[in-house]
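Got the structure open in your viewer? Keep the selection box handy, and let's walk through it stop by stop.

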Amino acid sequence: MSAFAAVIARELRLSIRTGGDVLTLVLFFVMIGVVVPFAVGPDRELLSRLAPGVVWIAAFLSMLLGLDRLFRADHEDGTLILLRHADLPFWAVVAAKVMAHWVVSAVPLIVASPLLAVMLALDGSAFWRVVLSLLVGTPALAALGAIGAAVTVSIRRGGLIAPVLILPLAVPVLIFGVGAISTGPGPDLSGSALLFLAAISLITLALSPFAAALAISSGED
Amino acid sequence: MTTDTAPKPSFWNRLAHPGQFVALTRPLLWPLTIITAALFIAGLWFAFFNSPEDYQMGDTVRIMYIHVPTAWLSQFVYGIMAVSAIGSLVWRHPMADVSMKAAAPLGATFTALALFTGSLWGRPTWGTFWEWDGRMTSTLVLLLIYLGIVALWRAFDDQLRAARVIAVFTLVGAINIPIIKFSVDWWSTLHQPSSVFTMSGPHMPPSILTPLLVMAIAFTMLFLTLHLKAMHTEVARRRLMALQRQAAQTGKTA
Amino acid sequence: MTERQVFGSLALSAHALAVGRGGIALAQGLEFKVQNGKCLLLRGPNGVGKSTLLLTLAGIVEALDGSFKLEGPTSEDGPLLHYCGHRNAIKPRLSVLENLDFWAQLNGPTGAASLEALETVGLDHVAGLDAGYLSAGQGRRLALARLLVSARPLWLLDEPTAALDTEGHDLVTRLIDAHLEAGGLVVAATHDPITPTDPNRVETLVMAGIH
């Protein structure tokens, strides 16, 4: 097994062994779907109009919430320093961690999204578009999140500041993510929005390992 | 695996020494202040007494003379921060760190001013203080980025280490800002056509353009003056911190 | 133990090296040159920059002034050094063997097999146990086993004997002996009297603070 695969395998194994984190995130994600009807009323028509945005915001917040564990534990037990002497460039180690992070923090949300669809009265075709846009857009959130986690890893209480840093940068993901679902009136731009979303995901995925690796190696010691 | 940090003496390196930087740039401070004040007096006189009212917006158009320069600065200051970030990452220039740190709160202030004047202007124009107009929205996102950077500076204990980390984040932001702008424009349906930055347009007569330019230069000079002063303050603050740490160290080992 | 692997010629040298953190120098004017087969012991009281020197040599902290060089194999042969710091980098929810296997795969399985390395450090009987159950000393042994599973010529050891019993001190001495025998190079910061058996192989750098 190559070093790259070893990093991914370890991250996945660790998150399965400490399954609580994933479960908490999914719970949080679903709870937003539970809370929104209480806030805006149980009107199915209104809910189904709000649903794409609510699902995206729920995914957005859940992923930001889970950000801190990406590098912090490794920083605290000294693993992060050793990862820099791996038989693999450090940015590649970071890239592997980002991929594993996407698998453990975004995939469970996508799997749980039918629950939200039911609660928010999202119809069939719109639901599949939500899933598609989450699939395309969440890698960008994971990649941006990695930068935020890397920048704040050496701050003792950086858990709160990382989401605040990343939220504004993730606005385009939200815009095109919801745009790709486009249930509103007016011309249908969901196709181009999905393409833009894919482009943003690719750009951030390509950039993030280098930026995060640089941020870690300049901040961590 | 060779690390060689033998300094090459040059003007650039003399600037790199914080004490030398302060000594070299301190004489600039007063002339800059005077030029800024003169420009503001001229610009404000133009803006209040020597420029026409808008036939639709009336006197409220004069808000533009504050709004447009601060909006311009909100982007210009980020540019300064991004250039300083490169200086900090590539050349390890200590003054680049200081410049980056000093610029962040100034940028946030000018951006907040641009938003504030924008919403004052929006009240008579749109009938509401806040409209999710494309330009206003992306300026708001920019303000959030500035505030995030300011918060980040405050979160670090070790300012030397902070500089390189924040430089990385500043550059990530710089790459992201055009994407944010594009996406917000795409999203915004109430987007007003850009009438200010396409200055060559026929609807911007010289009687408006002249005071606008004077005010833009005045605000830019104001930023440069404040930035320089803030850099001097930061250098002094760092020297104080270094002295305190040294005192703690000798106290401990003695 | 591992088959005797002889590393190529190797020299670590420093010239007028100043190390420190946060821009404050802890030690300066450091001069040394060690060849392979030698062990450089860093001695001195707390706070004189022993750990910082090791971190600097590991490329994690930047040198404040001066320079250091690792001559010999080109860096294309992959990373040349093992760093073993205060923290053991052990995941409590992975088994002892899984922990070690991960490092073997990440750093390249160029040294001893994982089980063999565990046997050397005396942890083979707990290989299947979650690493969270290890005592501090056992955790230290696991961290030392990491040095064995990937063969790298330069070891940078920061208090390798921390939390270890007398038998553990002997273990560290044995490991260093074997590494020197194989042509490796060791830089170790320690307060404990761990001296390689052959006194000719030892060089000592006494560090004093800056006043």
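Start by selecting chain C, which has five helices and eight strands; helices here are DSSP runs of H or I with at least four residues, strands are runs of E with at least two, and both are numbered from the N terminus. Keep in mind that this is a predicted model, where local features need pLDDT of at least 70, side-chain atom pairs count only at pLDDT 80 or more, and totals for chains, interfaces and linings use all residues. For your selections, residues are numbered from 1 along each chain as its sequence is written, while chains are lettered from A and ligands numbered from 1 in the order in which they are written.

**Chain C, overall**

Colour chain C from the N terminus on and you can follow the elements as β-β-β-α-β-β-α-α-α-β-α-β-β. Its C-alpha atoms fill a box of roughly 50 × 35 × 30 Å along the principal axes. The radius of gyration of chain C is 17 Å, which agrees with the value near 17 Å for a compact globule of 211 residues; the radius is taken over C-alpha atoms, and the globule rule is 2.2 Å times the number of residues to the power 0.38.

How many of the residues of chain C count as buried? Of the 211, 47% do. Buried means that 20 or more other C-beta atoms lie within 10 Å of the residue's own, exposed means 12 or fewer, and partly exposed is in between, with C-beta atoms placed from the backbone. Now for contacts, where two residues qualify if their C-beta atoms, placed from the backbone, lie within 7 Å. Among the contacts in chain C between residues at least 6 apart in sequence, 74% join residues at least 24 apart.

**The sheet in chain C**

Next, show just the strands β5, β6, β7, β3 and β8 of chain C: in that order, these five form an open sheet with parallel pairing. Strands pair if DSSP finds at least two bridges between them. Which strands sit at the edges? Select 81-84 and 202-206 in chain C for β5 and β8, each of which pairs on one side only. Across this sheet, neighbouring strands are turned by 15° against each other on average, direction ignored. For angles, axes are lines fitted to C-alpha atoms (for helices, over the stretch in contact), and values run from 0 to 180 degrees between N-to-C directions.

Zoom in on β5(C) and β6(C), which run parallel and are joined by four bridges. Here C:His82 stands opposite C:Trp155 in β6(C).

Bring α5(C) back into view: this helix lies across β3 (39-43), β6 and β7 (185-189) of chain C, and runs at about 150° to β7(C). Before you reach that helix, stop at C:Glu159, in the loop between β6 (154-158) and α5 (166-181) of chain C. Phi of C:Glu159 is near 45°, a positive value in a residue other than glycine. Most residues other than glycine have a negative phi. C:Glu159 has 19 other C-beta atoms within 10 Å, so it counts as partly exposed.

**Over to chain B**

A second positive phi awaits at B:Arg92, near 55° and again in a residue other than glycine. Look for B:Arg92 in the loop between α3 (64-90) and α4 (94-126) of chain B. B:Arg92 is partly exposed because it has 14 C-beta neighbours inside 10 Å.

Then select B:Ala163, in helix α6 of chain B. Is B:Ala163 buried or exposed? It counts as buried, with 24 C-beta neighbours inside 10 Å. Leaving aside neighbours within four places in sequence, B:Ala163 is in contact with B:Ser88, B:Asp97 and B:Met100. Draw a C-alpha to C-alpha distance from B:Ala163 to B:Ala96 and you get 8.8 Å, for two residues 67 apart in sequence.

**Where B meets A**

Show chains A and B together: the contact takes 23 residues from chain B and 22 residues from chain A. On the chain B side, α5 (134-155) and α6 (159-187) each supply at least two residues. The largest share of that side, 15 residues, comes from α6(B). By type, the chain B side divides into 17 nonpolar, four polar and two charged residues; Ala, Val, Leu, Ile, Met, Phe, Trp, Tyr, Cys and Pro count as nonpolar, Asp, Glu, Lys and Arg as charged, and the others, Gly among them, as polar.

**Last stop: chain A**

Finally, isolate chain A, with eleven helices and zero strands. Its C-alpha atoms fill a box of roughly 55 × 35 × 35 Å along the principal axes, and 53% of its 221 residues count as buried.
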